[in-house]
Amino acid sequence: MLPPTTVLDGEAVIYANGKIDFEAAQSRAVSTPARARRLAEDLPARLETLP
């Protein structure tokens, strides 16, 4: 659990076939909540941060 004042800086990305898949992220963003959950099971998003 992070403290309430914590700020995370990064990008939520989805990888498919070893590459970032921007189309998958766009598709998830405009999906219904139920469809977004199904898409997340197949291709989960992760937070990418800079070192």
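Where is the place of Asn17? In this predicted model, Asn17 is found in the loop between strand 1 and strand 2, and the legends below begin with the whole chain before coming back to that loop.

**View 1. The whole chain, with 2 helices and 3 strands.**
Read from the N terminus on, the elements of the chain follow the order β-β-α-α-β. The radius of gyration is 13 Å, well over the 10 Å that the globule rule gives for 51 residues, so the chain is more spread out than a compact globule. Taken along the principal axes, the box filled by the C-alpha atoms is roughly 30 × 25 × 15 Å. Of the 51 residues in the chain, 14% are buried, and the accessible surface comes to about 4,600 Å², with 58% of that area belonging to carbon and sulfur atoms. Where contacts join residues at least 6 apart in sequence, 56% of them join residues at least 24 apart. The chain carries 6 positive and 7 negative charges, and the mean positions of these two sets lie 7 Å apart.

**View 2. The open sheet of 3 strands, in the order 2-1-3.**
The pairing throughout this sheet is antiparallel. Strand 2 and strand 3 stand at the edges, each with a single partner strand, so one side of each is left without a neighbour in the sheet. Strand 1, residues 11–16, pairs with strand 3, residues 45–48, over 4 bridges in the antiparallel sense, and in this pairing Glu11 of the chain stands opposite Glu48 in strand 3. Strand 1 also pairs with strand 2, residues 19–20, again in the antiparallel sense, over 2 bridges; here Tyr15 stands opposite Ile20 in strand 2. As background to this view, side chains in a regular strand alternate between the two faces of the sheet.

**View 3. The hairpin of strand 1 and strand 2, with Asn17 in the turn.**
The two strands of this hairpin have 2 residues between them. Asn17 has a positive phi of about 55°, although Asn17 is not a glycine. Is this loop residue buried or exposed? With a relative accessible area of 80%, which lies over the 50% cut-off, Asn17 is exposed.

**View 4. The surroundings of Ala24, a residue of helix 1.**
Helix 1 spans residues 22–29, and Ala24 lies within that range. Ala24 has a relative accessible area of 15%, and because buried means under 20% relative accessible area, Ala24 counts as a buried residue. Which residues does Ala24 touch, not counting residues up to four places away in sequence? The residues touched by Ala24 on that basis are Ile14 and Leu43; the numbering of Ile14 places this residue within strand 1, which covers residues 11–16. Ala24 can also be set beside Ala45, which is 21 residues away in sequence, while the C-alpha to C-alpha distance between Ala24 and Ala45 is 9.5 Å in space.

Key
Residues numbered from 1 in each chain as written. Predicted model: local features only at pLDDT ≥ 70, side-chain atom pairs only at ≥ 80, totals over all residues. Heavy atoms only, no water. Rg over C-alpha atoms; globule rule 2.2 N^0.38 Å. Buried < 20%, exposed > 50% of the residue type's maximum accessible area, 1.4 Å probe, protein only. Contact = heavy atoms within 4.5 Å. Areas by Shrake-Rupley, 256 points an atom, 1.4 Å probe, with all protein chains shown as cover. Lys, Arg positive; Asp, Glu negative; His and termini not counted. Charge placed at Lys NZ, Arg CZ, Asp CG, Glu CD. Pairing = 2+ DSSP bridges.
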